[in-house]
Amino acid sequence: MAVTNSETIILELDPLDAGNHNGGAIHFGPDDKLYAAVGENGVPSNSQSLSTRLGKMLRINPDGSIPSDNPFFSVASGVNRSIWALGLRNPFTFAFQPRTGRMLINDVGGNT
């Protein structure tokens, strides 16, 4: 049962207004961190830039703070330190392989 007025926002993204390429999955990983898949919002250059969280897999602590062992923590700034993987187009779904903890991302294509 939810407690009235107990909502706590732990992650807010810039608006995704392209109508597609929004990503969408969110899961806890085997390391108890929260992972969020975010599409590039129809702008391919977003995928490779460390100045935006679009086109990325994000990794945060359950309280919304950013783990200092994220791979781009020391080269990105601010909220972009939450970037765990980049170069994604539309990471619609993902899962962790049970035995290995390896992440498998379904980065869906356009027409094929």
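## A tour from the whole fold to Arg59

Of the 112 residues in the protein, 34% are buried. The model you have open is a predicted one, and a good way to begin is to show the entire chain as a cartoon before selecting anything smaller. In that view you should find 6 strands and 0 helices, so that a walk from the N terminus passes through elements in the order β-β-β-β-β-β.

Stay with the whole chain for a moment and turn it about. Taken along the principal axes, the box filled by the C-alpha atoms is roughly 45 × 35 × 35 Å. The radius of gyration is 14 Å, which agrees with the value near 13 Å that a compact globule of 112 residues would have. If you display contacts, bear in mind that, among those with a separation of 6 or more, 48% are between residues 24 or more positions apart.

Next, switch on the surface and then colour the charged side chains. The accessible surface comes to about 6,900 Å², and carbon and sulfur atoms account for 52% of that area. There are 8 positive and 10 negative side chains, and the centres of these two sets lie 9 Å apart.

Now hide the surface and select Arg59, which you will find in strand β3, made up of residues 56-60. Is Arg59 buried or exposed? Its relative accessibility is 6%, and because buried means under 20%, Arg59 counts as buried. Show the side chain of Tyr35 as well, since the side chains of Arg59 and Tyr35 make a polar contact at 3.1 Å.

Which residues does Arg59 touch, if those up to four places away in sequence are not counted? Select Asp31, Lys33, Leu34, Tyr35, Pro67, Asp69, Asn70, Ser82 and Trp84 to see them around Arg59.

From this group, pick Asp31, which sits in the loop between β1 (23-28) and β2 (34-38). With a relative accessible area of 30%, Asp31 is partly exposed, whereas Arg59, which touches Asp31, is buried. Zoom in on the side chain of Asp31 and look for one of its polar atoms, which lies 3.1 Å from the backbone nitrogen of Lys33; Lys33 is also one of the residues that Arg59 touches.

For the last stop, keep Asp31 selected and add Ser68, which is 37 residues apart from Asp31 along the chain. If you draw a distance line between the C-alpha atoms of Asp31 and Ser68, it should read 14 Å.

Note on methods: Residues are numbered from 1 along each chain as its sequence is written. This is a predicted model: local features need pLDDT of at least 70, side-chain atom pairs count only at pLDDT 80 or more; totals for chains, interfaces and linings use all residues. Side-chain values use heavy atoms; hydrogens and water are left out. Helices (H or I, at least four residues) and strands (E, at least two) are DSSP runs, numbered from the N terminus. Buried means under 20% relative accessible area, exposed over 50%, partly exposed in between (1.4 Å probe, protein chains only). A polar contact is a pair of N or O atoms within 3.5 Å; within protein, one must be able to donate a hydrogen and the other to accept it, and residues adjacent in sequence count only if both atoms are side-chain atoms. Contact means heavy atoms within 4.5 Å. The radius of gyration is taken over C-alpha atoms; the globule rule is 2.2 Å times the number of residues to the power 0.38. Accessible areas come from the Shrake-Rupley method with a 1.4 Å probe; for residues, only the protein chains shown count as cover. Lys and Arg count as positive and Asp and Glu as negative; His and the chain ends are not counted. The place of a charge is taken as NZ of Lys, CZ of Arg, CG of Asp or CD of Glu.
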